[in-house]
Amino acid sequence: MTSFSSALCSIADDRRSRAHRRNIVITGLLALTIALFALTLILGQSYVPPGDVFRVLIGEDVPGASFAVGELRLPRAVLSVLAGLSFGLGGVSFQTMLRNPLASPDIIGISSGASAAAVFAIVVLSLSGLLVSIFAVAAGLGVAIFVYGLSFRNGVAGTRLTLIGIGVSAMLESMIAYVLARAPAWNLQEAMRWLVGSVNGAEIGQALPLLAGLTIFGGLLLSRARDLEALRLGDDMAAALGVDVARIRIIVVVTAVGLIALATALTGPIAFVAFLSGPIAARLVGNQGSLLIPSALVGAILVLAGDYCGQFLLPSRYPVGVVTGALGAPYLLYLVARTNRTGGSA
Amino acid sequence: MTPAKLTSFIAPPYCGRPGGSRSIWLPLTIFAVVVLCTLSLLIGSRDVTWSDVLSAIGGHVDSIGEAAVAMRIPRTLLALFAGAALGLSGAVMQGVTRNPLADPGILGVNTGAALAVVIGVAWFGMTSAQAYIWTAILGAGCTAALVYTVGSFGRGGATPLKLTLAGAATSIAFASLVIAVVLPRGDIAGGIRSWQVGGVGGATFERLAEVAPFLSAGLILSLGSARKLNSLALGDDLAAGLGERVALARGIASFAAVLLCGATTAICGPIGFVGLVVPHVCRLLVGVDHRWLLPFSSLVGGGLLLAGDIIGRIAARPSELEVGIVTAFVGAPFFIWIVRRQRVRDL
């Protein structure tokens, strides 16, 4: 009996220490996000003292700083954070649900679907603003349902879904290339946004639909975090634990696609952020609790840091997607190799 | 046992096919390719008459119609050769990796070739077609090795899922790198962008002549390894038991495939899915014996790319749709169909 209770004790201790680690990591990530956010506001082409930045933020008119900080840097930083949070959340939800780190929305075609729809809406239909977002969300959902439906044969297997997603994605990419090649006024920066993702030309008004989406979809996802965790054990085990598997899958698909598509409609498919956030968060947090919040924060950090690098630390200016794409590549190959060692597929 | 008997032994879905079907399909396919060639000369943004076509083939370029046809001749030939090379390369890759989803586009090999060419143009000021071709072959080879290595780690070796994921991931990464290289160079961005969509539009006889040696070398090497691919289809152990030097056979065949798709990418830009679709269609027509499959794949590949190019010219008249876009739209549904056909544990 004593050995049993001591075993219980050690399990409890272990859990406590892991929960402790999780809290520390989340706090650290939050601090890093805030620090990067502040850095992008303070230090750009020119240095603006923190005091002035603060005065701009609370609405005062500071000569010389109001435009640079209020009109240029703030919208950009806000959009980066919101898009990063959305990509991080959406990506990790898919990865958890399909039990495969490689089955993230940017690989299985959902990002390309949203991006293709946004390009089509902007270039061919000359829409703008909220309509583009609606278009992108609808297309993202459409692609998700399409891929899911096509991979249905005696149930959906993660492997088949991933492969079909890759095929659909290839088709959508060539559609983007086609529409862009036919765009009447060829604008390289604008095209970059839809090919790799960029936060250039951000406006504060754009952040509102994204913020609303993040609140609704993100809130819904977080409230289901426990059920999503249970899905990691496999559908049968989750069902045995009392999770309504079919329902939670639908909720996760709709919310995650909504998040990804809303962000993609504004920034384009920022390469690899949805894909990398989850695995990085998992390495940091360890095997304890839901990855949703840490992964969202990692996403925000990736976009903020990537955009800062692309703007100021490299010899010429790159959109954020190029930086995350190039930096993410080696890590990604490492991840593919490592995942494969354990079999890879779920 | 000869390889032919062995392959029919291991491939029940294709066995029992009357030997005569090959001799029916061969003339039919050749006829179809000839018809497509004629259509390709006839159809375009300018309407021409039959007499224009005939006199242009005879070497006259007096009227506008004849000049238009004369422009279409190298284009038609390039589409034919590029398609043949891609189809053959896909068939060899599927044989070497024993993997139904292998294709230079899916495995990211084309993107690797593109990255190498773009780096060569942007950083080393490459201009000659010869340099393009060598660089593209080098890039394609390195990428193929990388993707295959990454994809074959772990349980079960190089399964379709792992190879495809490694290829897709590499593709995304390399596409970002291509943009990173091109973006600061506004002077070359336009040319590279149009090259990257994948098309046979700007073909000339000089370009054809430059790429021809590479394509012929790849053709001879891959047709020569047909028998080896038949042995490899039995599995490495059995192939070794039959006296095949497995690694050498793989190496030669892969080199041929890389040569073919690298050279094609250098001239036409990355064109996807031809190498995926064609071998599957050909296997339905002539069975799994590579001695028939490989030549047929090159014929059908040439036909497919020609058809794609013609469709691209009709679909967006008076402008044109690049053939790379057409093949993606035809090929992606086909890819999905193949995936759906497979049992999950085989993925």
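I began with H280(B), which I found in helix 13 (residues 274-286) of chain B; helices here are DSSP runs of H or I with at least four residues, and strands are E runs of at least two, numbered from the N terminus. I noted H280(B) as buried because its relative accessibility is 8%, where buried means under 20% relative accessible area, exposed over 50% and partly exposed in between, with a 1.4 Å probe and protein chains only. Leaving aside neighbours within four places in sequence, I listed Q94(B), P100(B), F334(B) and I338(B) as the contacts of H280(B), a contact being heavy atoms within 4.5 Å.

I remind myself that this is a predicted model, in which local features need pLDDT of at least 70 and side-chain atom pairs count only at pLDDT 80 or more, while totals for chains, interfaces and linings use all residues. Residues are numbered from 1 along each chain as its sequence is written, chains are lettered from A and ligands numbered from 1 in the order in which they are written, and side-chain values use heavy atoms, with hydrogens and water left out.

I then checked confidence, for which pLDDT runs from 0 to 100 for each residue. Chain B averages 81, with 90% of the residues scoring at least 70; among its elements, helix 1 (residues 3-10) has the lowest mean, 40, and helix 14 (residues 290-315) the highest, 90. Over residues 1-16 of chain B the pLDDT stays under 50. Where pLDDT is low, the predicted coordinates should not be read in detail. For the complex, I noted an ipTM of 0.77 and a pTM of 0.80.

Next I looked up the largest nonpolar core, a set of buried Ala, Val, Leu, Ile, Met, Phe, Trp, Tyr and Cys residues joined through side-chain atoms within 4.5 Å. It has 193 residues, and those touching the most other members include F87(A), F94(A) and F335(B). Helix 3 (residues 66-98) of chain A gives this core its largest share, 14 residues. Not counting residues up to four places away in sequence, F335(B) touches L163(A) and G167(A) from chain A, and among its chain B partners are F273(B) and L276(B).

Last, in helix 3 (residues 50-57) of chain B, I found D52(B), V53(B), S55(B) and A56(B) buried. Just after this helix, G59(B) takes a positive phi of about 105 degrees.

Key. pLDDT is the predictor's confidence in each residue, from 0 to 100.
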